[in-house]
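Welcome, and thanks for opening the viewer. Keep the sequence panel beside the 3D window, and let's walk through the model one selection at a time.

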Amino acid sequence: MDKIDLKILRILQADASKPVAEIARLVNLSQTPCWNRIRRMEAEGVIKGRVALVDSRKVGLGLTAFVAVEAQNHNREWAANFRRLVQSMPEVMESYRMAGDVDYLLRVVVPDMEAFDAFYNRLIDTVAPKNVTSRFSMETVSSRTVLPL
């Protein structure tokens, strides 16, 4: 990747709906070479997709929870079951395997506390973790989708 690729990525991160002609103009390329660079970065997995960012509260998903999970045991079978479960739960927006005092950290988005309780019960009934600690967001202070390239 060179400086032009990075410029293209900065532009696409800010607004993926920009026409290729506009992106090409902004990076001083003609359209075809610019489009070829974008397609190459997509093929290489640098660009993983193009999405619309939706305000969760405006679509009725007003509760965000950060859920720390400690594994019951650390064998491959438990981890595989946990991964399958988490990947199948649409409420889980992000999941991370962690170093430190918790094994996994989840960001969960649901409409309300009743929906969170249903999520929580599915989680503990299916994988029986050692411990689950949930923290609820009161306000989003900062949220970024643009990587600092």
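Leaving aside its neighbours within four places in sequence, which residues is Phe119 in contact with? Before you click, please keep in mind that this is a predicted model. Now select Phe119 and show its surroundings: the contacts are Val67, Met89, Glu91, Val92, Leu106 and Val108, once neighbours up to four places away in sequence are set aside.

**Stop 1: Phe119**

Phe119 sits in helix H5. Its relative accessible area is 0%, so Phe119 is buried. For a distance to try in the viewer, pick the C-alpha atoms of Phe119 and Val109: the two residues are 10 apart in sequence and 10.0 Å apart in space.

**Stop 2: Glu91**

From the contacts of Phe119, move on to Glu91, which is one of them. You will find Glu91 in the loop between H4 and strand S2 (92-97). Is Glu91 buried or exposed? With a relative accessible area of 15%, Glu91 is buried, because the cut-off for buried is under 20%.

Next, display the side chains of Glu91 and Arg122, which are joined by a polar contact of 2.4 Å. Beyond the residues within four places in sequence, Glu91 is in contact with Arg107, Val108, Val109, Val110, Phe119 and Arg122.

**Stop 3: H4 against H5**

Arg122 leads to the next view, as it is among the H5 residues in the contact with H4. Select residues 76-88 for helix H4 and residues 113-127 for helix H5. Two packed helices are described by the angle between their axes and the distance between those axes. Here the angle is about 155° and the axes are 10 Å apart. H4 and H5 are therefore roughly antiparallel to each other, as angles over 145 degrees are classed that way. Rotate the view to look through the pair: H4 passes H5 in a right-handed crossing.

To see who makes the contact, show Trp78, Asn81, Phe82 and Leu85 on H4, with Arg122, Leu123, Thr126 and Val127 on H5. Coloured by class, the residues of this contact come out as five nonpolar, two polar and one charged.

**Stop 4: Ser88 and Ala128**

Stay on H4 and pick Ser88, which belongs to that helix. Ser88 is exposed, with a relative accessible area of 52%. Draw a C-alpha to C-alpha line from Ser88 to Arg39: it spans 29 Å, for a pair 49 residues apart in sequence.

Then go to Ala128, in the loop between H5 and strand S4 (131-136). What is notable about the phi of Ala128? It is near 45°, a positive value in a residue other than glycine. Ala128 counts as partly exposed, at 40% relative accessibility.

**Stop 5: H1 against H3**

For another helix pair, select helix H1 (residues 3-14) and helix H3 (residues 31-43). Their packing angle is about 80°, and their axes are 11 Å apart. That makes H1 roughly perpendicular to H3. On the H1 side the contact involves Ile4, Asp5, Ile8, Leu9 and Leu12, and on the H3 side Cys34, Arg37, Ile38, Arg40 and Met41. By class there are seven nonpolar and three charged residues in this contact, and no polar ones.

**Stop 6: Met1 and Asn28**

Just off this pair, select Met1, in the segment before H1. Met1 counts as exposed at 56% relative accessibility. Setting aside residues up to four places away in sequence, Met1 touches Leu6, Leu9 and Val46. The last of these, Val46, is 45 residues from Met1 in sequence, and their C-alpha atoms are 9.8 Å apart.

Asn28 lies in the loop between helix H2 (20-26) and H3. Its phi is near 60°, a positive value in a residue other than glycine. At 68% relative accessibility, Asn28 counts as exposed.

**Last stop: Leu61**

Finish at Leu61, in the loop between H3 and strand S1 (63-70). Leu61 counts as partly exposed, at 30% relative accessibility. Not counting residues up to four places away in sequence, Leu61 touches Ser56, Val109, Val110 and Pro111. For a final distance, join the C-alpha atoms of Leu61 and Asn73: these residues are 12 apart along the chain, and the separation is 33 Å.

Notes. Residues numbered from 1 in each chain as written. Predicted model: local features only at pLDDT ≥ 70, side-chain atom pairs only at ≥ 80, totals over all residues. Heavy atoms only, no water. Axes fitted to C-alpha atoms, helices over the stretch in contact; angles between N-to-C directions. Helix = DSSP H or I, 4+ residues; strand = E, 2+ residues; numbered from the N terminus. Parallel < 35°, antiparallel > 145°, perpendicular 65-115°, else oblique. Left-handed = near helix turned anticlockwise from the far one by under 90°. Contact = heavy atoms within 4.5 Å. Nonpolar A, V, L, I, M, F, W, Y, C, P; charged D, E, K, R; others polar. Buried < 20%, exposed > 50% of the residue type's maximum accessible area, 1.4 Å probe, protein only. Polar contact = N/O pair within 3.5 Å; in protein donor to acceptor, adjacent residues only side chain to side chain.
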